[in-house]
Amino acid sequence: MRKQIAAANWKMNLTIEQGIKLTDDLLSENIELQDHQEVIFGVPFPYLISIKEKIKSYKNYFVAAQNCYFQKAGAYTGEVSAEMLTSVATDYVIIGHSERREYFNENHQMLAEKINLCFENDLKPIFCCGEPLSIREANEQNGYVENQLKESLFHLTDKQLTGFVIAYEPIWAIGTGKTASSAQAQEMHAHIRNVMAAKYNNEVAESISILYGGSVKANNAKEIFGEKDVDGGLVGGASLNAAEFATIIKSLKTISR
Ligand code: PGA
């Protein structure tokens, strides 16, 4: 089975003490992950080292940065490079979250460059895509998301996209309590997989983990993750509560042994 992933996105929340307590509480649940399952903590830059230290002895637990800069290095006061993230043992980087696209004007080209820098520095990107409400209401979401994939991913090789991670996050469902129905999620995830199969091939498309994001909670994760093309979730609000996030992790697809 391709990787099934529960990724937390803490966004700009929690002090370091709160973040460590949350991580300790979650780890104390002793959730044993199967080989194909992963848990990722997407934490603020200053916490990466401490949270990595906490999780590093746990199998298939990883840390993600929530962003990196699209230039290699230099006079960019306040920015953090992919190389810096690797130097503090970061595993994944969330790229192109809709909040970054919207509030920080990140465009397709910048995201493509960030992804290249991730690959150059052995970081795994989690590429976010998803449409705003107006596009969904006009029923133009498929073309919109396809264009996001085309503009930021289509320069990559088969090899780079094998085992790649995409997060589909409809903007109207983020932090709103309004989730896409599991059928809506499945429909878009299948579309994304088809787009990747058409541009690359079936093997590449089938290897990509496509996470759903947007108001994933303990009480809806099982149903959403149960859909054929949904390979877990990118979770904001509900990842800030250890018990709730633990339930979400336990909702990932399992292989019966
Ligand atoms: P949410 O956020 O779970 O709070 O809706 C998801 C995200 O933005 O990654």
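**Exercise 1. Determine whether S215 is buried or exposed, and describe its backbone and its place in the chain.**

Solution. Step 1: S215 has a relative accessibility of 8%, so this residue counts as buried; buried means under 20% relative accessible area, exposed over 50%, and partly exposed in between, with a 1.4 Å probe and protein chains only. Step 2: S215 is located in the loop between β7 (209-213) and α11; helices (H or I, at least four residues) and strands (E, at least two) are DSSP runs, numbered from the N terminus. Step 3: although S215 is not a glycine, its phi is positive, near 55°.

The model is predicted: local features need pLDDT of at least 70, side-chain atom pairs count only at pLDDT 80 or more, and totals for chains, interfaces and linings use all residues. Residues are numbered from 1 along each chain as its sequence is written, and side-chain values use heavy atoms, leaving out hydrogens and water.

**Exercise 2. Describe the surroundings of the ligand.**

Solution. Step 1: the ligand is surrounded by 13 residues, of which K11, H97, E169, G175 and S215 are the closest; a residue is near a molecule if one of its heavy atoms lies within 4 Å of it. Step 2: this shell comprises four nonpolar, seven polar and two charged residues. Here Ala, Val, Leu, Ile, Met, Phe, Trp, Tyr, Cys and Pro count as nonpolar, Asp, Glu, Lys and Arg as charged, and the others, Gly among them, as polar. Step 3: a polar backbone atom of S215 is 2.8 Å from an oxygen atom of the ligand. For G237, a polar backbone atom is 2.9 Å from a ligand oxygen. Step 4: of the 280 Å² of accessible area that the ligand has on its own, the protein covers 97%; accessible areas come from the Shrake-Rupley method with a 1.4 Å probe.

**Exercise 3. Identify the buried residues of helix α12 and explain why they line one face.**

Solution. Step 1: in α12 (residues 242-249), the buried residues are A242, F245, A246, I248 and I249. Step 2: viewed down the helix axis, these residues fall within an arc of 160°, and therefore line one face of α12; the arc is that of the directions from the helix axis to the C-beta atoms. Step 3: their cover includes β1 (4-9), α1 (16-27), β2 (37-42), α11 (221-225) and β8 (232-235), where contact means heavy atoms within 4.5 Å.

**Exercise 4. Characterise N30.**

Solution. Step 1: N30 lies in the loop between α1 and β2. Step 2: its relative accessibility is 62%, so N30 counts as exposed. Step 3: N30 has a positive phi of about 50° without being a glycine.

Conventions. Polar contact = N/O pair within 3.5 Å; in protein donor to acceptor, adjacent residues only side chain to side chain.
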